[in-house]
Amino acid sequence: MKKSLVFLHSYASWELAVIALCVLAFLAFSGYGLGRVNTWRRRTVLFVLRAAAAGLCVFVVLQPGIETLKVTTVRDRIAVLVDSSQSMTLPAYPEKKSRFEVVTAFLSEASGLLASLAKDHDIEYYAFSAGAQLLSLGGLASVAPQGRTTDIAGALRDAARAKDQRLAGVLLFSDGDDHGEMNRAVESGPAGGRISLGSPGPVYTFCPGNQRTFKDIAVVEVKSAGFGFVKTPLEILVGVRAQGYSTRVPVLLKKEGEIIASRSLDLTPDRRDYEVRISFTPQEVGKGIYVVEVPALADEAVAGNNSLSFIVNVIRDKTRILQIAGRPSWDERFLRQLLKNDPAIDLVSFMILRTPSSIVADLRNFPIPVEDLSLIPFPVVDIFEKGLPEFDVLILQNFDYRPYAPFMYMNFVKAFVDKGGGFVMIGGDLSFSSGGYPGSPIEDVLPNTLERTATVSEGEFHPALTPAGRDHPVMRLDPDRKRNEAIWASLPGLSGFNRLLGPRPGAWALAEGPGGAPVVSVREVGKGRTLAVATDSLWRWAFSGAERHYRRFWGNAVAWLVKDPSGRRVRVASDRDTYQKGEEPVLEVKAKDPSYRALTGARVEIEVVSPSRKSVVVKAEEKEEGRYEGRINTGEAGVYLARVRVQKEGMSETSDTAFAVEGRNPELEDISLNEDLLKELAAQSGGKFFRLPARPGDIEMAFPPPEQFRSAEREKKPLWDSPWLYLPIVFLFSLEWFLRRSWDLP
Amino acid sequence: MDLLTRSNRRGFLRIAFGSACAWTLFRAKGALGLGEASKFFWVQVAYNGGWNPRPTGGRGLLLEVGKRTSVDVALESRRIRLTDPHVRNYPFLCISGAGDFPPLSREEGQALRSHLTSGGMLFADDASGEDNGRFARELKSALSVIFPDKEWRRLPSDHSVLRSFYLLDRVVGRTASSAFLEGLDHEDRTPVILSRNDLLGACARDEFGAWEYQVIPGGESQRETAFRLGINIVLYALTVNYKKDQIHQPFILQRKR
């Protein structure tokens with residue numbers, strides 16, 4: 001409270017002038033009257049007494065009073081903002097403790113510092129990520145940092161607006177991993193302008209950890225088209241962020257744990273972001289999960305961000321087929337025309353037009369110059385040694401290899417099949433046992449064993465579907481089973497076939513001729529598949545009104561040989577490619593037995609591997625014959641791999657699919673400390689930047705003092721009516737009378 | 001008498017020698033396919049008229065095809081009417097004549113059109129050997145009725161039939177009256193090829209193996225070229241545009257220089 005003397009009545013100027021004249025007149029008369037006092041000392045004393053009394057009278061006339069003014073001092077606030085986003089769970093490198101723990105430990109040690117601030121300011125504690133939440137100091141320590149984003153500017157504004165009480169300043173504890181306007185403004189530099197923070201006071205920033213000693217390598221991004229063509233190079237762009245290293249690291253591209261491509265990356269301390277181009281050639285059709293990985297170094301702050309998964313859907317552009325025919329024939333001609341006219345097939349064919357026993361002389365027995373011929377040398381080496389891996393399917397059509405290729409070259413064909421190639425042998429008088437294949441590496445991959453002595457059967461026949469053939473995709477000329485069988489029964493008859501022995505274990509005879517002799521057989525060998533067609537008269541279907549079925553048969557055969565996804569025995573698919581976090585993808589599994597009949601009563605398990613490599617096994621339930629369903633929980637964002645295993649009576653088949661869950665956490669993408677942002681914020685606001693851990697005693701902060709302001713409450717108390725004011729007047733006059741008497745004055 | 005005896009003996013030896021050679025030749029080839037469907041037959045189309053002016057021409061040609069190429073041929077020629085249901089057993093048909101050619105009936109026309117558009121091939125040979133022979137004129141007219149949407153064209157020098165086995169720059173037969181072949185195209189092939197030079201006349205042999213007709217004006221070298229053309233026609237029927245594949249182009253271009 002503040003008291004002051006005031007005059008309660010406001011006199012006009014002329015009134016004050018009259019009063020002053022009266023006082024002067026009184027003093028003048030008094031001085032004249034005191035002229036008769038004999039000593040100057042007595043005159044002075046008497047005059048002073050009279051003047052004082054006159055002054056007091058004037059004082060009373062002016063109506064004095066006491067005005068009481070209530071003065072209040074208002075306390076302001078200091079906000080302590082603690083970042084509680086997920087990035088604060090990361091280690092405060094080089095400390096092993098998390099960033100959040102380092103901050104709460106400091107706050108605990110700095111109780112004295114906070115107490116000294118609390119003398120003049122109210123201290124408020126906030127946890128923030130997207131917005132600020134007011135807590136107590138004790139409540140702050142029990143916060144679990146789970147915020148999915150960080151908005152420092154928003155948190156500062158929230159703190160400023162929280163109460164009417166002025167914000168004197170802020171203590172900001174954060175790693176600087178901001179995803180809001182603060183980061184954008186700092187990144188855009190001075191042109192970004194200052195941010196309106198709502199806080200007039202200084203911001204003291206505290207960063208848990210040391211950016212200079214922060215070491216980490218992270219794979220932050222993979223740019224890919226999302227699809228590619230099988231056996232066609234595909235390029236991806238990998239974004240790598242690295243801090244604190246000057247070394248060379250490998251950037252690996254993996255599929256199912258195997259390294260399929262790699263590049264070297266030179267890291268330098270003055271650079272943070274890198275782009276790496278990696279080219280690879282997908283070998284299989286279907287959806288695949290690929291992983292880009294930089295092997296973690298021993299001293300990295302975080303090892304869990306060194307890899308990133310992505311999905312590539314590999315489709316077939318064109319199926320590459322190599323056809324080698326032992327001679328021109330109608331069977332070769334119609335098949336070649338069919339494959340050549342298929343826009344989905346890239347065909348390369350070779351035909352033996354002249355054999356070593358062909359006569360090379362003309363009618364007059366003159367040798368025919370080679371220049372007169374359009375024949376080219378048969379490129380055995382180019383085909384068997386080098387070219388085979390470039391193809392998806394090899395067809396040997398009525399081809400006796402012996403005059404053209406050494407025995408050992410057949411090993412190339414076997415290896416081609418083992419590594420996933422499709423192989424077809426088509427019959428004729430130069431094929432199977434007649435082609436020198438018994439005992440060759442090719443016999444090892446054929447569906448049938450071969451008789452050592454070539455035997456052919458002539459005569460017309462109609463091939464009949466075997467039980468295995470009824471459901472096999474190669475033989476499906478119509479999706480409906482009954483119609484399919486009717487079609488097979490109505491096809492034009494064939495003429496002649498090579499006699500083959502029964503299918504090997506694991507092979508299937510799909511169609512048979514007289515006496516149950518296999519005419520169409522299939523087998524899965526290594527990673528590849530083989531097909532034997534033991535006749536050279538299938539062309540009759542094409543020429544005799546069944547061209548559609550001829551085309552369908554070979555289309556089915558090629559699709560099965562190249563393992564087109566439509567022909568797999570076990571297929572799994574999610575109902576969508578992309579989901580939101582929390583959704584439950586439904587995975588549908590269609591299973592068929594080795595003879596391609598719907599597989600019922602199987603044990604179907606789905607292993608789901610989450611982006612963080614956690615694995616969960618879910619059992620799928622059978623909904624219909626051969627169709628199973630399983631539901632998956634998705635708690636993380638990223639790419640999930642679902643691997644299905646179907647088991648029944650010794651049969652075990654797997655299939656994969658992948659899907660993505662959106663909702664990536666930006667908090668964990670860039671885990672480095674952003675000291676620059678915190679320093680800039682402190683500089684702009686007049687604060688300072690500190691690193692933690694730090695000793696509270698080393699922290700110097702200055703905040704503006706709290707403001708005081710006068711309250712609107714005033715109280716006026718008059719004095720002029722107080723009797724105590726008149727007593728001095730009476731005393732003075734009395735004293736003058738007494739002194740006059742004492743001095744014997746009139 | 002001596003002369004007759006000598007002639008009979010000589011003839012007998014010719015026949016015996018020819019048969020032995022033929023037998024030896026084809027015996028050495030080993031098994032001859034899985035059945036008749038595998039072989040290449042010379043099938044002459046029969047019609048009401050002079051449909052078979054060169055009865056041994058086809059066989060004579062196939063003899064050389066069998067000797068010089070890897071094609072598995074059947075030496076016995078066949079004859080068939082277009083309306084025969086078995087016509088679909090034979091993708092290659094030959095039609096020839098020396099005089100008039102009667103219009104095809106509706107059934108014959110439909111059967112022929114179906115045959116050719118399903119992958120079959122027709123070789124037409126004008127046995128008159130004249131540039132403007134009546135057979136060729138009337139046959140073209142008859143086929144234009146079956147294929148009203150197609151036009152006859154001269155086959156260019158780079159047509160696949162002229163490089164399917166031999167590289168040819170001349171079109172000849174028993175005569176050389178026309179310097180080019182003619183054809184009707186369908187999709188990416190030429191299922192009808194017409195020769196006006198009596199190609200089969202150059203290939204015809206009598207039962208003693210001697211040439212039945214002289215080849216004019218080029219003599220035996222022209223006959224050889226005629227055979228090469230015939231072989232090319234057979235190979236074209238079986239391989240179509242195989243020689244247009246990219247892999248053959250550098251070789252062909254180099255040899256044609």
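Is Ala127(B) buried or exposed in this predicted model? Ala127(B) is buried, because its relative accessible area is 2%, where buried means under 20% relative accessible area, exposed over 50% and partly exposed in between, with a 1.4 Å probe and protein chains only.

The model shown in every view is predicted, so that local features need pLDDT of at least 70 and side-chain atom pairs count only at pLDDT 80 or more, whereas totals for chains, interfaces and linings use all residues. Residues are numbered from 1 along each chain as its sequence is written, chains are lettered from A and ligands numbered from 1 in the order in which they are written, and side-chain values use heavy atoms, with hydrogens and water left out.

**View 1. Surroundings of Ala127(B) in a loop of chain B.** Ala127(B) lies between strand E4 (121-126) and helix H4 (134-146) of chain B; helices (H or I, at least four residues) and strands (E, at least two) are DSSP runs, numbered from the N terminus. Leaving aside neighbours within four places in sequence, Ala127(B) is in contact, meaning heavy atoms within 4.5 Å, with Pro53(B), Arg54(B), Gly97(B), Ala98(B), Arg174(B) and Asp198(B). The C-alpha atoms of Ala127(B) and Asp198(B) are separated by 4.2 Å, although the two residues are 71 residues apart along the chain.

**View 2. The fold of chain B, with two of its buried cysteines.** Chain B has seven helices and seven strands, which follow one another along the sequence as α-β-α-β-β-α-β-α-β-β-β-α-α-α. Of the 257 residues in chain B, 55% are buried, and among contacts between residues at least 6 apart in sequence, 77% join residues at least 24 apart. Cys94(B) counts as buried at 0% relative accessibility, and Cys203(B) is likewise buried, with a relative accessible area of 0%. A search of the whole structure for disulfides (pairs of cysteine sulfur atoms within 2.5 Å) finds zero over all chains.

**View 3. The interface of chain B and chain A.** Here 55 residues of chain B are in contact with 53 residues of chain A, and the buried area, that is, the accessible area (1.4 Å probe) that two parts lose on being put together, summed over both, is about 4,400 Å², with 56% given by carbon and sulfur atoms. In chain B, Leu34(B), Ser70(B) and Arg255(B) lose the most area to chain A, together 18% of what that side buries. Between the two chains there are 18 residue pairs in polar contact, both residues at pLDDT 80 or more; a polar contact is a pair of N or O atoms within 3.5 Å, where, within protein, one must be able to donate a hydrogen and the other to accept it, and residues adjacent in sequence count only if both atoms are side-chain atoms. The elements of chain B that give two or more residues to the side touching chain A are helix H2 (57-68), helix H6 (219-239) and helix H7 (249-256), and H6(B) gives the most, with 10 residues.

**View 4. Ser349(A) and a salt bridge across the interface.** Ser349(A) lies in strand E17 (residues 345-351) of chain A and is buried, with a relative accessible area of 3%. The side chain of Ser349(A) makes a polar contact of 2.7 Å with the side chain of Arg336(A). Not counting residues up to four places away in sequence, Ser349(A) touches Gln323(A), Arg336(A), Tyr242(B) and Asp245(B). Asp245(B) also forms a salt bridge with Lys340(A), the closest N and O atoms being 3.2 Å apart; a salt bridge is a side-chain nitrogen of Lys or Arg within 4 Å of a carboxyl oxygen of Asp or Glu. Three salt bridges are found across the interface of chain B and chain A.

**View 5. The salt bridge of Glu224(B) and Arg68(B).** The side chains of Glu224(B) and Arg68(B) meet at 2.7 Å, N to O, and because Glu224(B) lies in helix H6 and Arg68(B) in helix H2 of chain B, the pair ties together parts that are 156 residues apart in sequence. Glu224(B) is buried at 3% relative accessibility, and Arg68(B) is buried at 1%.

**View 6. The salt bridge of Asp175(A) and Arg99(A).** The side chains of Asp175(A) and Arg99(A) meet at 2.7 Å, N to O. Asp175(A) lies in the loop between strand E6 (167-173) and helix H7 (181-187) of chain A, and Arg99(A) in helix H3 (residues 99-109), 76 residues apart. Asp175(A) is buried, with a relative accessible area of 0%, and Arg99(A) counts as buried at 1%.
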